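Welcome, and take a moment to settle in. We will walk through this structure one step at a time, with the picture as our guide.

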Amino acid sequence: MASSGASSGSVKEDRLWQRHADMAKLGGTPKGGVNRQALSAEDAAARNLLASWAKARGFTIFTDAIGNLFVQRAGSDPKAAPVMSGSHMDSQPTGGRFDGMYGVLAAFEALEALEDAGVKTKRPVMAVAWTNEEGSRFQPGAMGSAVFSGHNKLDEMLAAKDWKGVVLKEALAETLKAAPATVRPGTPGFTVDSYVEAHIEQGPRLENEKKTIGVVTAIQGSRRYIVTVDGEEAHAGTTPRAARKDAFAAATRIASAMYEATTDADDTLRFTIGRVDVAPGSPNTVPGKATFTIDMRHPRNEALDEHEKKLEQIVTSRAAPCPAHIERVTNVAPTDFDPVVIDLVRAKATELKLTNMDMPSGAGHDAMHIARLCPAGMIFVPCERGISHNEAENATPSDLAAGTRVLVEVLEALANR
Ligand code: GLV
Ligand code: MN
Ligand code: MN
């Protein structure tokens, strides 16, 4: 295997940092974060900016039927499957500048560093920006990589609606009109040799333990649900309690019981109700409908199964007098990354004299789907106080560059296998 050197030496910290600053203007918020939700005008602007940089370097650009955006640097063997790296450019509504964007820009910087160093690889090296990783606008999240891997069906995803009823297929068509790229025909997905995703940690461990690189070994399993409670609209001033079918009152009973049932002693289970909608949303009408989302995660599938049963039982038993149901909209099993990639990330970090530690990921990433297709792994870098999904999210230029130096060495090694 090639030893570390030319490609990582060509990673330019200033260029990488400036690219983050340029991207942060697209959907930039007054508090210094970004609101660049999937398939919005801001997402299209980010796609155009990435494509303009790629064109300037002579890389090939194409998209697919779910809007994943690929940038390819050619290899010497035209038949060899590519080594791929990337993440996502969409953000949470009050998102940070680094979640996802770092993985795309680190991958792009890796392509540029290989180019600047004049390093030839046998396999092509690709940077990818997956569509709709966050899943805050359209459900489910990690959609582009899920369709690419076959985990979700293209047609079903194109039919997804956002919270305002906009159909994804139409939002995607608008995005591709605003940010045109050659569309690879057919259902998304092609042979990939291996995949490595760089990402900010989104938690506090690296910072607390004063390590620069997280060698990611696994991602915990995650499931999402929507609970729907049907009530009956009634006059807020005149309707006695016994005559009410208050959908929000039933939803709060269900939610309280769920919080209690998901409080585990060792604080491993993650349970979040992140969105509640109440209709018709009038102060003086008893709510006729309430819906809320659940995001639940655990490293073991059996624990998720067990808690899912509890959630179902609570919906059935606590909703009266309102009919209610729970629908599972996402189910991604825990992911174990490939030992070859894990070892390579650790070895390259160590060769580059970067402090590192093995760790699992609490957050979900596109790598969890691509790991079903080919050997995959991830590289984490610290983020300030572990804050993420927050406009205050921050990371240092030198940590971002360090993670990218590891990334390019790993990609080069994989691309010459
Ligand atoms: C990704 O943003 C996640 O929710 O884990
Ligand atoms: Mn992310
Ligand atoms: Mn995120």
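Which residues lie on one side of strand 4, which lie on the other, and are they buried or exposed? Before answering, please keep in mind that this is a predicted model. On one face of strand 4 you will find V125, A127 and A129, on the other M126, V128 and W130, and all of them are buried. Strand 4 spans residues 125-130, and because six of its six residues are buried, the strand is largely enclosed by the rest of the structure.

Let us look at the neighbours of this strand. Strand 2, made of residues 69-73, pairs with strand 4 in the antiparallel sense, and five bridges hold the pairing. If you would like one pair to find on screen, try V71, whose bridge partner in strand 4 is A127. Strand 3, residues 83-88, also pairs with strand 4, here in the parallel sense and over six bridges. In that pairing, M84 has M126 of strand 4 as its bridge partner.

How does the chain travel between these parallel strands? Strand 3, helix 4 (residues 101-117) and strand 4 together form a β-α-β unit, and the unit is right-handed. The loop that leads from strand 3 to helix 4 contains M89. With a relative accessible area of 3%, M89 is below the 20% cut-off and therefore counts as buried. The C-alpha atom of M89 is 17 Å from that of V147, a residue 58 positions away along the chain.

Moving on into helix 4 itself, we meet E112. This residue has a relative accessibility of just 1%, so E112 is buried as well. The side chain of E112 has a polar partner: a contact of 3.2 Å links it to the side chain of R57.

Strand 3 also leads us to another strand. Three bridges join strand 3 to strand 5, and the two run parallel. Here S85 is the residue that stands opposite V196 of strand 5. Strand 5 covers residues 194-200, and since seven of its seven residues are buried, this strand too is largely enclosed by the rest of the structure. From strand 5, S194, V196, A198 and I200 point one way, while Y195, E197 and H199 point the other way, and all of these are buried. We can then step across to strand 16, residues 376-381, which runs parallel to strand 5 and is joined to it by six bridges. One pair to look for is Y195, opposite A376 in strand 16.

Past strand 16, in the loop that leads to helix 13 (397-415), lies H389. H389 has a phi near 50°, a positive value in a residue other than glycine. At 41% relative accessibility, H389 falls between the 20% and 50% limits, so it counts as partly exposed.

H389 also brings us to ligand 1, as it is one of the residues around it, together with E133, E134, R297, A363 and G364. By class, this shell consists of one nonpolar, two polar and three charged residues. Which distances should you look for here? One oxygen atom of ligand 1 is 2.6 Å from an N or O atom in the side chain of R297. For the side chain of E134, the distance from an N or O atom to an oxygen atom of ligand 1 is 2.9 Å. G364 takes part through its backbone, with an N or O atom 2.7 Å from an oxygen atom of the ligand. On its own, ligand 1 has 190 Å² of accessible area, and the protein covers 90% of it.

A few details of the backbone are worth a visit too. Q139 and P140 are joined by a cis peptide bond, with omega about -5°. P140 sits in the loop between strand 4 and helix 5 (143-149). Another cis peptide bond joins A279 and P280, with omega about 5°, and P280 is in the loop between strand 10 (276-279) and strand 11 (285-286). D267 has a positive phi, near 55°, and is not a glycine; you can find D267 in the loop between helix 9 (247-261) and strand 9 (270-272).

Our last stop is E308, in helix 10 (residues 301-318). Its relative accessible area is 12%, so E308 counts as buried. The C-alpha atoms of E308 and R223 are 9.1 Å apart, although 85 residues separate the two along the chain.

Key:
Residues numbered from 1 in each chain as written. Chains lettered and ligands numbered in written order. Predicted model: local features only at pLDDT ≥ 70, side-chain atom pairs only at ≥ 80, totals over all residues. Heavy atoms only, no water. Near = heavy atom within 4 Å. Polar contact = N/O pair within 3.5 Å; in protein donor to acceptor, adjacent residues only side chain to side chain. Areas by Shrake-Rupley, 256 points an atom, 1.4 Å probe, with all protein chains shown as cover. Nonpolar A, V, L, I, M, F, W, Y, C, P; charged D, E, K, R; others polar. Buried < 20%, exposed > 50% of the residue type's maximum accessible area, 1.4 Å probe, protein only. Helix = DSSP H or I, 4+ residues; strand = E, 2+ residues; numbered from the N terminus. Pairing = 2+ DSSP bridges. Right-handed = clockwise from strand over helix to strand, strands pointing away.
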